[in-house]
Amino acid sequence: MGHLLTMKDLSEREILSILDQAERFKAGERWEDGSDHFVANLFFEASTRTKCSFEMAERRLGLEVIPFESHASSVQKGETLYDTVKTLESIGVGAVVIRHSRDRYFDELKGLDVRIINGGDGCGNHPTQCLLDLMTIRQEFGGFQGLRVAIIGDIAHSRVARSNAEALTALGAEVRFSGPEEWFPERYGDRYVGIDEAMSSSDVVMLLRIQHERHHGTPIASKADYHQAYGLTLERERKMAHGSIIMHPAPVNRGVEIADSLVEGGRSRIFKQMENGVFVRMAVLKRAFQLQGGRQHELVDQTC
Ligand code: CP
């Protein structure tokens, strides 16, 4: 159907196919199918990486990008998300990239004949971030089977954690979690490990940003205290496993989740992740338009 809402939308074969296509785009492959394709980026939450790399991907594919800024749109007059997307469908937009603060906002868009690409829903899902993370990990290790991946930090509020945990587990990696125990959701069962063990015995140390905007008054430790208790300090980095890498979806709170000097250090793949994001998003957009049929497709109900 071409939608991309959650990582559960994709089979293992489809994930690997998107990663393969992303690698071909990175190697210089071009895509032209002779049709005019129109796309709009609807960001109702702040973004630098996702928004800009989707725009870069769209321009590299030669798509027609319809400008949309929520603060200057009729959303300000009370228009609903459904009517906004229905309007874009009516004028000929074939795919929309949406970021929204509401978990599973896409459930209200069922029945529209426009491809929905989820650029992040609340604390729910961030599938294109996950795909670019998978691309970065596969470039490093060649695959996922048996790989030890530690996801560390504000897990409860992280859509990146959910998407990565689902996909990496399905692909055969051993995913464990660490960070403040009060931010460890029950759904991950007994996969919590202590911070020093998580950092010293993993192939991938994936740090998460503290999502201050989603804590709603819950007191958070000082930056210095958090860094000492749960951050990747210089001392912890020295104890990381041979060949292991550091990842972070960014934006990074330098000196909080990770010591400032490690952000651009030898183990860090943080800017490689951003670079890969453009090619993954090209592959996702190509898939959206290739799978777009002439008939009305309904969004499939997928429970996270
Ligand atoms: N990683 C990520 O989603 O970054 P942005 O919020 O800047 O898009």
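In the predicted model, His126 lies in the loop that joins β4 (115-121) to α4 (127-141). The residue is buried, since 26 other C-beta atoms lie within 10 Å and 20 or more are required for that class. Apart from neighbours within four places in sequence, the contacts of His126 are Gly120, Arg159, Val160 and Ser163. UniProt, in an unreviewed entry, lists His126 under "binding site" together with Arg49, Thr50, Arg99, Gln129, Ala250 and Pro251.

Arg159, one of the contacts of His126, is found in helix α5, which covers residues 159-170. Arg159 is buried as well, because 24 other C-beta atoms lie within 10 Å and the threshold is 20 or more. When neighbours within four places in sequence are set aside, Arg159 is in contact with Gly120, Asp121, Gly122, Cys123, Gly124, Asn125 and His126. Gly120 therefore appears among the contacts of His126 and among those of Arg159.

A "binding site" annotation in the unreviewed UniProt entry covers Arg159 along with Lys77 and Arg209. These three residues span 133 residues in sequence, and their farthest two C-alpha atoms are 32.9 Å apart, so they do not all gather at one spot. Arg209 is located in the loop between β7 (204-207) and α7 (223-230). With 18 C-beta neighbours inside 10 Å, Arg209 is partly exposed, because this count falls between the limit for exposed residues, 12 or fewer, and that for buried residues, 20 or more. Beyond four places in sequence, Arg209 is in contact with Asp154, Pro251, Val252, Asn253 and Glu257. Of these contacts, Pro251 is itself listed under "binding site" by UniProt, in the annotation that includes His126.

Arg49, also listed by UniProt in the annotation that includes His126, belongs to helix α2 (residues 49-61). The residue is partly exposed, with 17 other C-beta atoms within 10 Å. Outside the range of four places in sequence, Arg49 is in contact with Ala250, Met274 and Gly277. Ala250 is listed in the UniProt annotation that includes Arg49.

The ligand is surrounded by Ser47, Thr48, Arg49, Thr50, Gly120, Gln129, Pro249, Ala250 and Pro251. By residue class, this shell consists of 3 nonpolar, 5 polar and 1 charged. Arg49, Thr50, Gln129, Ala250 and Pro251 are found in the shell and are also listed by UniProt under "binding site". Gly120, a contact of both His126 and Arg159, is another member of the shell.

The domain assignment divides the protein into domain 1 (7-124 + 275-290) and domain 2 (127-272). The ligand lies between the two domains, because both of them give residues to the shell around it. The C-alpha centres of domain 1 and domain 2 are 26 Å apart. Across the boundary, 23 residues of domain 1 are in contact with 22 residues of domain 2. On the side of domain 1 that touches domain 2, α1 (12-26), α2, β4 and α9 (270-290) each supply at least two residues. The largest share of that side, 6 residues, comes from α9. The residues of this side of domain 1 divide into 8 nonpolar, 9 polar and 6 charged.

Technical notes: Residues are numbered from 1 along each chain as its sequence is written. This is a predicted model: local features need pLDDT of at least 70, side-chain atom pairs count only at pLDDT 80 or more; totals for chains, interfaces and linings use all residues. UniProt positions are given in the numbering used here, feature names are shortened, and annotations may be inferred rather than shown by experiment. Helices (H or I, at least four residues) and strands (E, at least two) are DSSP runs, numbered from the N terminus. Two residues are in contact if their C-beta atoms, placed from the backbone, lie within 7 Å. A residue is near a molecule or strand if its C-beta atom, placed from the backbone, lies within 6 Å of it. Ala, Val, Leu, Ile, Met, Phe, Trp, Tyr, Cys and Pro count as nonpolar, Asp, Glu, Lys and Arg as charged, and the others, Gly among them, as polar. Domain bounds come from an automatic or database domain assignment.
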